[in-house]
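Reader: I am in my first year and still learning how to read a protein model. Could you take one part of this chain, look at it closely, and then show me how the rest is built around it?

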Amino acid sequence: MDEGTEKILLEQIRQGNNRAFEQLVQGHAAQILSLATRLIGDRDEAEDIAQEAFLRLHRSLATFRGDSKISTWLYRTVSRLAIDHLRREQRRRKLFFFRKNDDEEQPDPVESAAAPDPSPREALLAQETQRRLNTVLKKLSPRQRAVFILRHQEELPLKEIARILELEEGTVKAHLHRAVTVLRHELHDLKEGSP
């Protein structure tokens, strides 16, 4: 949804047009649900997170100044809700994570997760790689996971991620580096040429 359409819808919402809010939700729903699903790893819980984000948006529209785009506001809200959710889950399950690998020569395992027009064998390998990637993502801290997904799956620039998560850009880089280090360590056997 472009910025001009958002502004028109915001004005209509402020004038009491509920249909305009529905259009705003429809314009962002797929993207927000997709982000929440990648952050949480569970479609049902992601739907709850996305719904909560849209409820918060509805409550905030009267005071929304428009300093940022609605999509940025929603990304920030979903990321915060997901991080809080993951932290609660970590405490509940008492999970402990392992990490340590400084081998910078290994390829990014994300790059081997999918290929255009894959053969059946390649599709199966990509599916297995994606499954393993999702498992390893659950080992990251909620913030590392959010930074990694926003950078490598949403392809947002570091500056935008810093604004969404309200972090310094250097902190985002540190979280991203740690996340990539863990992924490379955990998925080192996926390196091209590995048996």
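Author: E166 counts as exposed because its relative accessibility is 54%, where exposed means over 50% relative accessible area, buried means under 20%, and partly exposed lies in between, with a 1.4 Å probe and protein chains only. This is a predicted model, in which local features need pLDDT of at least 70, side-chain atom pairs count only at pLDDT 80 or more, and totals for chains, interfaces and linings use all residues. Residues are numbered from 1 along each chain as its sequence is written, and side-chain values use heavy atoms, with hydrogens and water left out.

E166 sits in the loop between α7 and α8, the helices being DSSP runs of H or I with at least four residues, and strands runs of E with at least two, numbered from the N terminus. The phi angle of E166 is positive, near 55 degrees, although E166 is a residue other than glycine. Most residues other than glycine have a negative phi. On the other side of α7, in the loop that joins α6 to α7, E155 also has a positive phi of about 55 degrees and is not a glycine. E155, too, counts as exposed, because its relative accessibility is 65%.

Between these two loops, α7 itself is mostly covered, with six of its eight residues buried. The buried residues are L158, E160, I161, A162, I164 and L165. Two of those, E160 and I164, are touched by T72, which is also in contact with R163 when neighbours within four places in sequence are left aside; contact here means heavy atoms within 4.5 Å. T72 belongs to helix α4 and counts as buried because its relative accessible area is 6%.

L165 leads from α7 to the nonpolar interior of the chain, since the largest nonpolar core has 52 residues, and L165 is listed among those with the most contacts inside it, together with L57, L61, L74, V78 and L150. A nonpolar core is a set of buried Ala, Val, Leu, Ile, Met, Phe, Trp, Tyr and Cys residues joined through side-chain atoms within 4.5 Å. At least two residues of this core come from each of α1 (3-14), α2 (18-40), α3 (43-60), α4 (70-93), α5 (120-137), α6 (142-153), α7 (158-165) and α8 (169-186). V78 gives an example of how the core is joined: beyond its neighbours within four places in sequence, V78 is in contact with I32, L35, A36, L39, I49 and A53.

What does a helix look like when one side is buried and the other is exposed? In α5, the buried residues are A126, T129, R132, L133, V136 and L137. Seen down the axis of α5, they fall within an arc of 140 degrees, so they line one face of the helix; the arc is that of the directions from the helix axis to the C-beta atoms. An α-helix has 3.6 residues a turn, so residues three or four places apart point the same way. The cover over this buried face includes α6 and α8, whereas P120, L124 and Q127 are exposed on the other side of α5. The length of α5 agrees with expectation, because its 18 residues should span 26 Å at 1.5 Å a residue and its end C-alpha atoms are 25 Å apart; the expected span is 1.5 Å times one less than the number of residues.

α1 can be read in a similar way, beginning with its buried residues, E6, L9, L10 and I13. They cover an arc of only 105 degrees around the axis, which puts them on the same side of α1. The exposed residues K7 and I8 are carried by the face of α1 turned away from that buried side. After α1 comes G16, whose phi is positive, near 95 degrees.

Taken as a whole, the secondary structure of the chain comes to eight helices and zero strands. Buried residues make up 40% of the 195 residues in the chain. Among contacts between residues at least 6 apart in sequence, 66% join residues at least 24 apart.
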